[in-house]
Structures are given as C-alpha cells and as structure tokens.
Amino acid sequence: MLEKLEQIKGKIAKGFEEIKNLEALENLRIEIMGKKGELTALFSSLKALGEEEKKAFAKELNSVRSEFESKLDSLKAKLSQEELGRKLRKEYLDTSLFTALKPKSLGHPVNQVMERIIEYFTCINFSIQSGPLVEDDFHNFEALNLPKFHPARDMQDTFYFKDIALLRTHTSPVQIRTMQESSIPIRIIAPGAVFRRDYDLTHSPMFHQVEGLVVDQAGKVSFANLKYILEDFLRAMFGDVKVRFRSSFFPFTEPSAEVDISCVFCGGVGCRVCSHTGWLEVLGCGVVDENVFKAVGYENVSGYAFGLGVERFAMLIHRVNDLRSFFETDLRVLEQF
C-alpha cells in the first residue's frame, strides 16, 4: 500500500505541473479523489489492516489528501482568475471609440422609401390623406366597383372580423372617403399599412402601399397626365430606367395598365430576377371607372388613380431579395441602412 501511495503522490506532483486549465484540474481531482479515485480506493482498503497499521497508514493518507486539496483549491483559484481575465480581454469594450459624431441611422428601409415617395408627390402639390385600418365592406370593396361575389375579390385574401368589418386590403378606401368628404379638384396620395393573408418571399400579411388619386371636371384629367407623372416619378426613384405601360384589368379603373421598368439588376438585358424578360412590374394605374364616381355621387368628372407597394420599391432600390428581411429585425440586415 505504501508503494501505491508513493505512486499516487508522484502522479499528483506531475499532474499539477502539467495542468493548464480548469477542465484538466477537474479531471485530476476525479482521478485522485473521485468516487472511483485512486486515493479514495486506498481509504477503502484501510479496513483490511490491523489497528496499529491502520492508524499509521490513515494518518499518511489524510496528510496526502489535505496537501492535495490545498494545492487543488489554490490552483483552481489561480486558473479561475486567469480564465476570467481572458474573458474580460475578449469582451473588452473601448468606450473611447464611441463618439457623438458617428453617423446616425436614417431609419428603417421601408420608411426611407416611403418618405422618398411622399416627398416626390408633395413637391408636385399632392396632399396626404389617411384613413382607418379597420374598414367596412362598402369602402373597401363595393364603392370600388367590387360588389359581393365579384371574382376580383378572390385576388385579395382578406382578414374578416365576425361582423361586416375587415382589415383594409389596400389604401383605396381612403380615396372613397376623400371623395365623399371633399369637392373637386382632388389631388391626393394615401400612404399606409394594408393587410392580406399572404406570406412568402415577396408577400407579407402586413405591408405598405401608396395610392394616388386625381379628380377634376370632365375633360381636365386624362391618361396622358397620368403617364407623364408616373414616368417622371419612376425615374426619380430608380434613375435612368425605361418605362412601359401594359394593358391590364382593375375593377376600379378603365382603361387600366400595369407599369414596368427596365430591370434594375441587369439593365434590361435579362436575368433570373426579371425572368429573363428585362422588365420588372412596379405599379398599377388607370382612369377611374364611372361606377366608382357613381358610388360617391360624383357627376361630370374625370380622374386617374395609381397604386404601388412600398416594400416592392424598397426591395428593388436596396437589392433585397426576401421581403421578410424587412420585418425580421435582424440587425445584420438593418445596420446596412
């Protein structure tokens, strides 16, 4: 047993010399003093000795254990302090690097683009109008030439409440409310949040639109006016791009058109983003349908309307390929703006 004890003492001395971290220290403790440790095994073997021999050997074992535990505690304190120092150095923050002169955020990219759109139209004498987020069926659908069971309603997956109320699917109800409450001429934009039951790379349940409406006496407003304003607006937003109008259908305008710009990614040559067509759809527009004017009691007037998705513009301007990036609050994305 004495020979075994000398071996353990040698192992302890060598172990303390080689230990560099807390993990190695704990491994040594378990090897020597754990439930199945070598020193623990010697204590268990005392019962096989005679009384005098047991007393002498127990004294030697207790001496080795006390010395081992003392060195263990001392080295543990030292290694813990060193590890703490390494963590503090790694997490060190030089507060002198912070300065009031550091550039501040310009805001969320969607808000940035919204403000640019609003600035453009207010500079050419459009006023800003807003309306409630919770709408009724008349303002959101019927007054916009979308009577009940109209197939075009299927294009908008609506959030309905238990009564006739719903979350607006576009900002067009603001146009209806403005016409009900105002007299001509009308020249407004309606920016704001809208809601649809949709969620993927290019759609989200909540997004933002800006819709415009111009109404005046019959003959004073034409599609040519609309075309001129939108072409100038799109070049102000995207630079020197080509603009084209494609015939389309919207229940609340007739004639209606989809508006495309030459692809901002490939310059119109053709790429994966534009499906190799060279064109990107950015907004819809048209001359206001007579049925819309009848719904609000207007006669002998003409007008045009247009609408765009702000997130769509933000994706194209900032080259973001996933709409959800704007709403997931990932600082790695937002700090770029």
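Which residue stands opposite Arg 244 in strand 7? The residue is Asp 260, and its pairing with Arg 244 offers a way into the sheet of this predicted model, in which local features need pLDDT of at least 70 and side-chain atom pairs count only at pLDDT 80 or more, while totals for chains, interfaces and linings use all residues. Residues are numbered from 1 along each chain as its sequence is written, and side-chain values use heavy atoms, with hydrogens and water left out.

The sheet is open and mixed in its pairing, with 7 strands in the order 1-4-5-9-8-7-6. Strands here are DSSP runs of E with at least two residues, and helices are runs of H or I with at least four residues, both numbered from the N terminus; two strands pair if DSSP finds at least two bridges between them. The edges are strand 1 (127-128) and strand 6 (243-250), each of which pairs on one side only.

From the edge at strand 6, 7 bridges lead to strand 7 (residues 253-262), and these two strands run antiparallel. Strand 7 is in turn joined to strand 8 by 8 bridges, again antiparallel, with Thr 253 standing opposite Val 288 in strand 8. Strand 8 then pairs with strand 9 in the antiparallel sense over 5 bridges, and there Leu 283 stands opposite Leu 308 in strand 9.

Strand 8 is largely enclosed by the rest of the structure, because 7 of its 10 residues are buried, where buried means under 20% relative accessible area, exposed means over 50%, and partly exposed lies in between (1.4 Å probe, protein chains only). Cys 285, which is found in strand 8 (residues 279-288), counts as buried at 2% relative accessibility. Contact means heavy atoms within 4.5 Å, and, not counting residues up to four places away in sequence, the residues that Cys 285 touches include Leu 226, Leu 230, Phe 245, Phe 250, Pro 255 and Phe 306. Cys 285 and Leu 308 are 23 residues apart in sequence and 8.9 Å apart in space, C-alpha to C-alpha.

Helix 7 (residues 172-181) lies across strand 4 (186-195), strand 5 (206-217) and strand 9 (301-309), running at about 35° to strand 5; axes are lines fitted to C-alpha atoms, for helices over the stretch in contact, and angles run from 0 to 180 degrees between N-to-C directions. Since 7 of its 10 residues are buried, helix 7 is largely enclosed by the rest of the structure. Among the buried residues of helix 7 are Pro 173, Val 174, Ile 176 and Met 179, and the partners against which its buried residues pack include strand 2, helix 6 (137-140) and helix 9 (290-295).

Some backbone details deserve a closer look. Most residues other than glycine have a negative phi, and most peptide bonds are trans. A cis peptide bond nevertheless joins Ile 184 and Pro 185, with omega about 0°, and Pro 185 lies in the loop between helix 7 and strand 4. Another cis peptide bond, with omega about 5°, joins Glu 254 and Pro 255, the latter lying in strand 7. Asn 125 has a positive phi, near 70°; Asn 125 is found in the loop between helix 5 (109-123) and strand 1 and counts as exposed at 61% relative accessibility. Asn 145 also has a positive phi, near 65°, and is found in the loop between helix 6 and strand 3 (165-167).
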